[in-house]
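Visitor: I'd like to go through this one before setting anything up. Can you put it on screen?
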Amino acid sequence: MSKTSTTDQEALDYHEFPQPGKISVETTKPVLTQKDLSLAYTPGVAVPCLEIEKNPENAYRYTSKKNLVAVISNGTAVLGLGNIGALASKPVMEGKGVLFKNFSGLDCFDIEVDTESVDRFCSVVMAIAPTFGGINLEDIKAPECFEIERRLVEELNIPVMHDDQHGTAVISAAGIINACKVTHRKIEDLKIVVVGAGAAAISCARLYRKLGAREIYMLDSKGVIHNGRSDLNAYKREFCAGGYMTHSEVFECADVVVGLSKPGTFTIEDIMTMANEPIVFTLANPTPEVFPNDVIEARPDAVVATGRSDFDNQVNNVLGFPFIFRGAMDVRARKINDEMKLAAAHALADLARTEVPKDICELYGKEIKFGKDYLIPKPFDKRLIVEISSAVAQAAIDSGASDMKGFDIKAYRKELAKILK
Ligand SMILES: NC(=O)C1=CN([C@@H]2O[C@H](COP(=O)(O)OP(=O)(O)OC[C@H]3O[C@@H](n4cnc5c(N)ncnc54)[C@H](OP(=O)(O)O)[C@@H]3O)[C@@H](O)[C@H]2O)C=CC1
Ligand SMILES: CC(=O)C(=O)O
Ligand SMILES: [Mg+2]
């Protein structure tokens with residue numbers, strides 16, 4: 001396993017040729033004749049405009065709102081690259097659009113907002129929200145991301161989700177559920193170390209608690225988070241260890257480490273002190289905290305995952321946001337709540353334990369079956385859209401986030417299966 005599977009030049013060429021970027025817009029109606037033009041544009045277009053003025057619900061009938069997501073960032077925490085700014089975040093945001101379209105059929109506009117002010121960011125997003133059926137916030141640093149998401153969820157009646165928080169939480173939770181199955185552990189008994197205390201880390205740790213985890217230690221750039229520290233924000237304070245602890249102490253006999261920080265924040269030496277069959281999720285992108293081949297060399301008993309596409313066990317929010325938004329938007333959910341996230345995590349974990357389709361084995365050039373090298377499904381698995389989106393839709397209805405009480409979930413699953421055909 002090499003440390004990089006693609007060269008920098010390959011990555012640049014991919015983005016530059018045959019045309020710059022990864023997204024374009026296509027139209028869904030013919031505009032070939034004078035009649036077409038009269039319908040698509042003036043005078044015909046005025047008719048749906050007035051219908052929407054009369055009843056805003058009609059926007060879902062006469063415009064692309066129903067199937068359109070915004071991916072919005074201010075570029076303050078782009079992957080693990082840090083605050084590289086709004087414009088430099090655009091390749092990642094276009095990439096999210098590519099994944100939305102290819103994995104769930106949702107259309108996407110990426111929007112890069114050049115501000116670090118919470119107020120300004122929220123007012124920009126609120127002002128453009130009518131265009132969209134859902135808003136995926138991306139790569140916004142903590143702690144600002146928490147307040148931004150809170151305000152937008154409160155103000156808007158379409159699904160708004162900060163992907164780095166909740167997408168990551170859902171996928172890593174599914175990974176932990178299955179790593180427990182593989183190593184015969186119970187979540188309630190795990191000693192979990194979360195390295196990082198930002199957007200992804202806080203939200204992941206919250207979801208692990210919802211799954212039953214009781215012993216979680218968290219580290220930020222200053223060390224272990226404990227109640228003797230006076231420099232903690234309210235989000236970090238939720239995860240205070242009782243008293244002062246050292247970095248080495250939290251790793252000793254830990255069952256799980258989840259890295260959501262940057263390269264080098266924990267080491268092979270730390271992993272050497274962990275329990276038997278340590279579960280090591282080294283999720284920083286693009287460069288993980290430690291490389292999986294180094295972990296396996298030092299600890300052949302380890303169960304390892306990264307966020308990257310070029311290693312086994314890709315614990316990455318690509319397995320979440322396309323399908324979570326698909327399900328939420330299709331039942332017109334007003335928000336994405338914990339019930340929906342937990343339903344997604346369980347559906348994902350369950351799917352990984354079923355037989356892997358032949359086309360996926362062929363695509364990856366090997367036999368794949370549930371075990372320590374295959375904890376979660378591959379992103380190309382066409383069953384994801386059916387299983388995850390329907391689970392999310394059902395949970396939205398059951399939890400009251402959607403009013404579509406009589407929604408026919410069986411028929412919906414059939415429709416979902418057709419999207420990627
Ligand atoms: N695989 C996946 O699907 C995903 C992976 N990620 C990855 O997670 C990482 C964090 O992303 P995100 O939460 O959005 O970013 P944030 O900027 O919100 O958080 C980064 C966190 O890393 C902490 N950190 C920095 N240095 C250290 C250190 N030496 N030891 C421990 N913690 C440290 C920071 O500490 P402090 O608070 O003190 O500044 C901060 O809490 C990125 O690498 C990103 O690529 C994110 C989302 C999805
Ligand atoms: C995967 C992702 O969203 C991140 O690393 O930020
Ligand atoms: Mg991200």
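Visitor: Is Tyr41 buried or exposed?

Guide: Tyr41 counts as exposed, because 11 C-beta neighbours fall inside 10 Å. A residue is called buried with 20 or more other C-beta atoms within 10 Å of its own, exposed with 12 or fewer, and partly exposed in between, with C-beta atoms placed from the backbone. This is a predicted model: local features need pLDDT of at least 70, side-chain atom pairs count only at pLDDT 80 or more, and totals for chains, interfaces and linings use all residues. Residues are numbered from 1 along each chain as its sequence is written, with chains lettered from A and ligands numbered from 1 in the order in which they are written.

Visitor: Where does Tyr41 sit?

Guide: In the loop between helix H2 (34–40) and helix H3 (46–54). Helices (H or I, at least four residues) and strands (E, at least two) are DSSP runs, numbered from the N terminus.

Visitor: Which residues does the "active site" annotation cover?

Guide: The unreviewed UniProt entry puts that annotation on Tyr41 and Lys96. They are spread over 56 residues of sequence and also spread in space, up to 30.5 Å between C-alpha atoms. UniProt positions are given in the numbering used here, feature names are shortened, and annotations may be inferred rather than shown by experiment.

Visitor: And Lys96, buried or exposed?

Guide: Lys96 counts as buried, because it has 25 C-beta neighbours inside 10 Å. Its place is in helix H5 (residues 90–104).

Visitor: What does Lys96 touch, leaving out residues up to four places away in sequence?

Guide: Val71, Cys108, Asp110, Asn136 and Glu138. Contact means that the C-beta atoms of two residues, placed from the backbone, lie within 7 Å.

Visitor: Switching to domains. What does the assignment give?

Guide: Domain 1 covers 18–158 and domain 2 covers 165–421. Such bounds come from an automatic or database domain assignment. The two centres, taken over C-alpha atoms, are separated by 26 Å. Domain 1 puts 22 residues into the contact and domain 2 puts in 27 residues.

Visitor: Which elements give two or more residues on the domain 1 side?

Guide: H5, strand S3 (134–137) and helix H7 (144–155). H5 has the largest share there, 4 residues. By class, that side has 13 nonpolar, 7 polar and 2 charged residues. Ala, Val, Leu, Ile, Met, Phe, Trp, Tyr, Cys and Pro count as nonpolar, Asp, Glu, Lys and Arg as charged, and the others, Gly among them, as polar.

Visitor: Now the ligands. Why does ligand 1 lie between the domains?

Guide: Domain 1 and domain 2 both give residues to the shell around ligand 1, so it lies between them. The shell has 29 residues, and the closest are Gly80, Gly198, Ser221, Ala284 and Gly307. A residue is counted if its C-beta atom, placed from the backbone, lies within 6 Å of the molecule.

Visitor: Which element has the largest share of that shell?

Guide: H9, with 3 residues. Helix H8 (163–183), H9 and strand S6 (215–220) are the elements that give two or more residues. The class split is 13 nonpolar, 11 polar and 5 charged residues.

Visitor: How many of the residues of H9 are buried?

Guide: 9 of its 12 residues, so H9 is mostly covered. Among the buried ones are Ile202, Leu207 and Tyr208. H9 (residues 199–210) reaches 17 Å from its first C-alpha to its last, close to the 16 Å expected at 1.5 Å a residue; the expected span is 1.5 Å times one less than the number of residues. Just after H9, Gly212 takes a positive phi of about 120 degrees.

Visitor: What surrounds ligand 2?

Guide: Leu79, Asp139, Asp163, Asp164, Asn285, Gly307, Asn316 and Asn317. By class that is 1 nonpolar, 4 polar and 3 charged residues.

Visitor: What is phi for Leu79?

Guide: Near 45 degrees, a positive value in a residue other than glycine. Leu79 is in the loop between strand S1 (68–73) and H5, and counts as partly exposed because it has 16 C-beta neighbours inside 10 Å.

Visitor: Asn285 was in that shell too. Which peptide bond from Asn285 is cis?

Guide: The one to Pro286, with omega near -5 degrees. Pro286 is found in the loop between strand S9 (279–282) and helix H13 (292–298).
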